[in-house]
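Work through the exercises below with the sequence and the model side by side, and try each task before reading its solution.

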Amino acid sequence: MAFYKVSRCRLRSLLNERKMTLRDLEKLTGIPYTSLRRYEKTTRLMPLDAAYTVMIVLNLDRIEELYDFEPFK
């Protein structure tokens, strides 16, 4: 069985595609701007409830659209 780990958050590129800012996302999700910055830089992983909220707001179908994953070695 293969295990995977998060390698990069794709939040910045997703927001750019939608012509949105982190401030816009903050208003739509209620997630504090400082938390969104940490998630964007992958210095902190999003809790599942935050990731789900962001996915709904950005109209994403899968978590793989929000994060890049790589095999855990």
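**Exercise 1.** Which exposed residues does the face of α2 turned away from its buried side carry?

*Solution.* Before starting, note that this is a predicted model, in which local features need pLDDT of at least 70 and side-chain atom pairs count only at pLDDT 80 or more, while totals for chains, interfaces and linings use all residues. Residues are numbered from 1 along each chain as its sequence is written, and side-chain values use heavy atoms, with hydrogens and water left out.

Step one is to find the buried residues of α2 (22-29), which are Leu22, Leu25 and Thr29; buried means under 20% relative accessible area, exposed over 50%, and partly exposed in between, with a 1.4 Å probe and protein chains only. Seen down the axis of α2, these residues fall within an arc of 55 degrees, so they line one face of the helix, the arc being that of the directions from the helix axis to the C-beta atoms. Step two is to turn to the face directed away from that buried side, where the exposed residues Lys27 and Leu28 are carried.

**Exercise 2.** Describe what lies at the two ends of α2.

*Solution.* At the start of α2, a side-chain oxygen of Thr21 comes to within 3.3 Å of the backbone nitrogen of Arg23. Just after α2, Gly30 adopts a positive phi of about 80 degrees.

**Exercise 3.** Is Glu40 buried or exposed, and which residues of its helix are buried?

*Solution.* Begin with its place in the chain: Glu40 belongs to helix α3 (residues 33-40), where helices are DSSP runs of H or I with at least four residues, strands are runs of E with at least two, and both are numbered from the N terminus. Glu40 counts as buried because its relative accessibility is 10%. Its helix α3 has the buried residues Ser35, Leu36, Tyr39 and Glu40, and, seen down the axis of α3, they fall within an arc of 135 degrees, so they line one face of the helix. Next, look for partners: leaving out residues up to four places away in sequence, Glu40 touches Cys9, Leu11, Arg12 and Leu22, a contact meaning heavy atoms within 4.5 Å. The buried residues of α3 as a group pack against β1 (4-9), α1, α2 and α4.

**Exercise 4.** Which helix gives the most to the largest nonpolar core?

*Solution.* The largest nonpolar core has 19 residues, and those with the most contacts inside it include Leu11, Leu25 and Leu58; such a core is a set of buried Ala, Val, Leu, Ile, Met, Phe, Trp, Tyr and Cys residues joined through side-chain atoms within 4.5 Å. Helices α1 (11-17), α2, α3 and α4 (48-57) each supply at least two residues of this core, and α4 gives the most, with four residues.

Methods
Polar contact = N/O pair within 3.5 Å; in protein donor to acceptor, adjacent residues only side chain to side chain.
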